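Student: I am new to this structure and would love a close look at one part of it. Please begin with the whole chain and then zoom in.

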Amino acid sequence: MASNPKTPSRFRSRSDAKTPLTPSLISSFNAISLSPKRHPADLSNPFLARSRPASPVKRATTGAAAFPSSSGATHGGVIRKGGIESRLEVVSHDYHPPKVNQNARPELKRSRSTPSTRERTLSHSSSHGDRFITTREDDVAPASLSSTATANLAPTATSSPGHTARLANATGVPLNRRVLAYHEPPPASSNAAFLTTQRNLARPLYSRADLPSSNGTFKDKSRKVPTTPERVLDAPGMVDDFYLNLVSWSALNTVGVALGESTYLWSADTGVVSHLGDAPQGTYVASVDFSNDGAYLGIGLGTGAIELWDASTSQRLRTMQPSGDAGGQCASLAWYAYVLTSGHSSGTIHHHDVRVPRHLVASLEGHAGEVCGLRWSSGGDVLASGGNDNVVNLWDGRGGDVGATTRGAPKWTKRNHTAAVKALAFAPWAPLLASGGGTSDTCIHVWNTTTGARLHTYQTGAQVTGVHWARDRKELVSTHGFPGNALAGWAYPPPSGSSGSRTGAGAAAGSSSSAKIFEIRDAHDARVLFSALSPNGEVLVTGAGDENLKFWRIWEAKAAKKKSKAKEEISVGRGILSIR
């Protein structure tokens with residue numbers, strides 16, 4: 001029997017029928033791991049992956065992500081792609097945006113490589129110390145420099161008490177004392193007699209009274225102020241009331257004075273006295289003040305109304321009633337251009353435009369007591385008010401015309417006085433304001449109207465009722481009540497080292513007599529309550545409860561003094577060249 005030859009294996013066709021795999025073979029194949037075997041000693045190598053148990057069979061999915069089956073089995077966050085496995089960082093909470101703090105300062109932008117200041121501070125203070133500062137404990141410090149003594153010096157967490165204690169011990173500087181506080185006297189000189197002789201020889205150079213101080217002020221002993229008045233006028237019926245203002249001197253050289261219910265004018269050029277008018281029945285005159293040009297006189301009444309009079313014709317032009325709630329007398333008046341400002345016992349300040357029928361243009365609320373002092377600056381940019389509440393207010397006068405409503409708050413409010421403030425005066429040559437207090441205060445404060453700072457304080461020792469600045473020299477004069485009833489002149493700025501140069505909260509040691517140029521005691525038999533300065537700034541008129549008006553020549557104009565000196569030189573035969 002002929003046998004068919006076998007077809008070589010390379011030419012043998014493959015069978016289309018596939019032998020089915022039994023479940024035992026499938027489980028055997030799945031159990032095979034292709035990862036190489038490692039020894040336990042290789043666990044320290046970070047580049048060798050640890051062996052894992054066999055991963056489950058990858059199921060065919062249409063999506064890119066693998067979701068857990070419905071039976072509850074999970075893959076533990078394992079995704080196999082291309083034979084490489086990676087584990088997801090799965091979180092179990094949702095993102096909640098942080099609450100924004102409106103008051104917190106925005107954090108400055110920085111690069112990713114630079115941590116924030118808080119992170120750097122915490123990291124250095126908590127885990128990493130300063131490599132240049134030792135971190136030894138405090139037990140190496142001596143007993144005199146223990147941690148109790150160093151706690152006050154270095155309370156922060158970043159300081160090293162031990163290092164500070166050792167440094168202080170090495171340098172010999174106590175921790176609880178100043179560095180430059182020397183307690184041991186210097187060694188005695190080998191030639192003490194020679195130094196004593198030198199000091200005695202140099203002492204007269206520093207003890208001369210006529211040398212000017214460092215601030216350029218000194219007492220001029222060559223100028224003498226007359227202690228007697230040039231003229232005395234009778235003023236019967238003048239009210240002895242600290243809060244009233246009953247004397248004013250106009251630019252036309254006319255003095256206005258209120259005596260009870262009547263107002264009088266005295267011409268300084270001719271000496272003629274004229275009766276201007278009387279207040280309505282049942283009231284009295286509480287304040288008088290001339291306009292800047294001297295043509296009109298404002299009169300404040302005890303009812304709170306203000307009368308406007310023509311000084312040349314002695315005619316009453318109008319009566320201005322601020323409002324029904326003005327409350328009490330109008331004890332102070334102040335003019336600037338066409339605006340007449342009035343202060344009332346209710347603490348309210350009113351601005352009146354005398355050019356229009358509806359005169360009330362603004363009201364200011366800044367005092368809790370009666371407004372007994374009012375002054376406008378020469379430029380009209382600042383209004384100063386003083387009250388019985390011991391307060392000085394500086395108002396901005398550049399607000400323009402507004403409706404009859406309260407206008408803002410004061411620019412500066414000063415509460416340094418301890419008594420009623422009536423005396424107010426602006427310096428004509430600098431942005432300065434002088435204010436004087438009553439009996440329990442007896443101080444004159446000088447303020448900078450630009451910054452609101454208190455520059456100097458004069459201790460007068462008596463009730464201050466008026467303050468006036470000199471026109472052509474740096475001096476001021478004050479009038480006083482109890483106990484001296486005096487007039488006093490003060491140099492500005494006061495010499496250093498006197499109580500008149502007190503600044504801030506404290507006072508320098510010394511006597512106020514070094515700042516006082518002159519003093520006329522017992523100028524009146526009663527309190528010197530009212531005062532006004534002449535248009536040329538040379539003569540001061542004062543009024544008191546003794547029913548007298550007195551005129552004092554306080555200053556002499558420098559121009560007139562130079563002119564009289566030139567005439568004297570010409571009379572003795574000196575030429576024109578020598579005058580120059």
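Student: Among contacts in the protein chain with a separation of 6 or more, what percentage do residues 24 or more positions apart account for? After that, please take me closely through strand β25 (residues 475-480).

Tutor: Happily! This is a predicted model, in which local features need pLDDT of at least 70 and side-chain atom pairs count only at pLDDT 80 or more, while totals for chains, interfaces and linings use all residues. Residues are numbered from 1 along each chain as its sequence is written, and side-chain values use heavy atoms, with hydrogens and water left out.

Now to your percentage: residues 24 or more positions apart account for 49% of the protein chain's contacts (heavy atoms within 4.5 Å) with a separation of 6 or more. The chain has 580 residues, and 37% of them are buried (under 20% relative accessible area with a 1.4 Å probe, protein chains only). Its elements are 7 helices and 30 strands, taken from DSSP runs of at least four residues for a helix (H or I) and at least two for a strand (E), numbered from the N terminus.

Let us turn to β25. This strand, residues 475-480, is mostly covered, since 6 of its 6 residues are buried. Look along the strand and you can see two sets of residues: E475, V477 and T479 point one way, whereas L476, S478 and H480 point the other way. Both sets are buried.

What lies beside the strand? On the sequence side that comes before, β24 and β25 run antiparallel and are joined by 5 bridges (strands pair if DSSP finds at least two bridges between them). Within this pairing, T479 in β25 stands opposite G466. The connection from β24 to β25 is a hairpin with 5 residues.

β25 has another partner in β26 (residues 487-491), again antiparallel and with 5 bridges. Here E475 is the bridge partner of A491 in β26. A hairpin links these two strands as well, with 6 residues in between, and among them N485 takes a positive phi near 50 degrees.

From β25 you can step across to β24 and on to the largest pocket, because β24 (464-469) is one of the elements that give two or more residues to its lining. A pocket here is an open set of points on a 1 Å grid over the protein atoms alone where a 1.4 Å probe fits, with protein on both sides within 12 Å along at least five of seven lines; lining residues have an atom within 4 Å of a point. The lining holds 42 residues, and W249, D289, R375, W376 and R471 lie nearest the centre of the pocket. By type, the lining divides into 25 nonpolar, 13 polar and 4 charged residues. Besides β24, the strands that give two or more residues include β4 (247-249), β8 (285-290), β12 (330-336) and β28 (528-533).

β12 offers one more stop. It belongs to an open sheet of 4 strands with antiparallel pairing, in the order β12-β13-β14-β15. β12 and β15 (360-365) each have a single partner strand, so one side of each has no neighbour in the sheet. At the β15 end, 5 bridges join β15 to β14 (residues 348-353), and these two run antiparallel. In that pairing, I349 has L364 in β15 as its bridge partner.

Definitions and conventions:
Ala, Val, Leu, Ile, Met, Phe, Trp, Tyr, Cys and Pro count as nonpolar, Asp, Glu, Lys and Arg as charged, and the others, Gly among them, as polar. Buried means under 20% relative accessible area, exposed over 50%, partly exposed in between (1.4 Å probe, protein chains only).
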